[in-house]
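Trainee: Could we go through this model together?
Mentor: Certainly; please have it open.

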Amino acid sequence: GNGIYGGIFIATCISYAFVENDIMKIIEKGLSYIPDDCEYAQIVRMVIDYHKSNPDNWRDCFHYIKANYGYDKYPGNCHIMPNSAVMILSLLYGNGDFDDTLNICNLCGWDTDCNVGNIATIMGVRGGLDAINYKKWRKPINDLLVC
């Protein structure tokens with residue numbers, strides 16, 4: 001179902017970000033690995049279409065997503081479809097900037113840890129360490145990873 005397609009989509013986007021810098025091409029590659037007619041692909045395309053028509057205001061896109069694909073439209077506490085829409089919104093409206101992409105995704109709310117973690121991985125792989133502001137993102141954790 002959509003959970004599996006979402007995992008395949010995100011994994012493909014991360015993998016392709018190693019060799020591709022263009023966000024739209026990364027998203028299209030992710031789409032090429034899931035069925036065209038699945039709901040996940042339809043949601044991704046909806047956000048792409050909205051962005052093409054309204055490229056300047058991510059908040060309007062979020063309000064559209066919330067009104068038409070929000071949590072109230074899907075069962076359960078944390079549904080993949082609204083969250084996938086927010087991730088695509090962030091990738092597109094972030095205009096290739098690591099900070100802006102992550103901040104937009106976080107400001108949308110919903111499943112912020114997973115959504116931001118997924119797009120941060122795509123953006124981090126895409127841009128490498130040079131794209132990640134040292135003072136803001138890297139210095140505070142001092143290269144420390146606790147497992």
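Mentor: We shall discuss salt bridges and then a surface patch.
Mentor: This is a predicted model, in which local features need pLDDT of at least 70, side-chain atom pairs count only at pLDDT 80 or more, and totals for chains, interfaces and linings use all residues. Residues are numbered from 1 along each chain as its sequence is written, and side-chain values use heavy atoms, with hydrogens and water left out.
Trainee: How many salt bridges are there?
Mentor: The count comes to three, a salt bridge being a side-chain nitrogen of Lys or Arg within 4 Å of a carboxyl oxygen of Asp or Glu.
Trainee: Which residue does aspartate 99 pair with?
Mentor: Aspartate 99 meets lysine 136 in a salt bridge, at 3.5 Å from N to O. Aspartate 99 lies in helix 6 (residues 98-108) and lysine 136 in helix 8 (residues 134-138), so the pair ties together parts that are 37 residues apart in sequence. Helices here are DSSP runs of H or I with at least four residues, numbered from the N terminus.
Trainee: Is aspartate 99 buried or exposed?
Mentor: Aspartate 99 counts as buried, at 16% relative accessibility, whereas lysine 136 is partly exposed at 40%. Buried means under 20% relative accessible area, exposed over 50%, and partly exposed in between, with a 1.4 Å probe and protein chains only.
Trainee: And what about aspartate 36?
Mentor: Its side chain forms a salt bridge with that of arginine 45, at 3.1 Å from N to O. Aspartate 36 is exposed, at 57%, and arginine 45 is partly exposed, at 29%.
Trainee: New topic: where is tyrosine 33?
Mentor: Tyrosine 33 is in the loop between helix 2 (23-31) and helix 3 (39-53). Tyrosine 33 is exposed, with a relative accessible area of 53%.

Definitions and conventions:
Helices (H or I, at least four residues) and strands (E, at least two) are DSSP runs, numbered from the N terminus.
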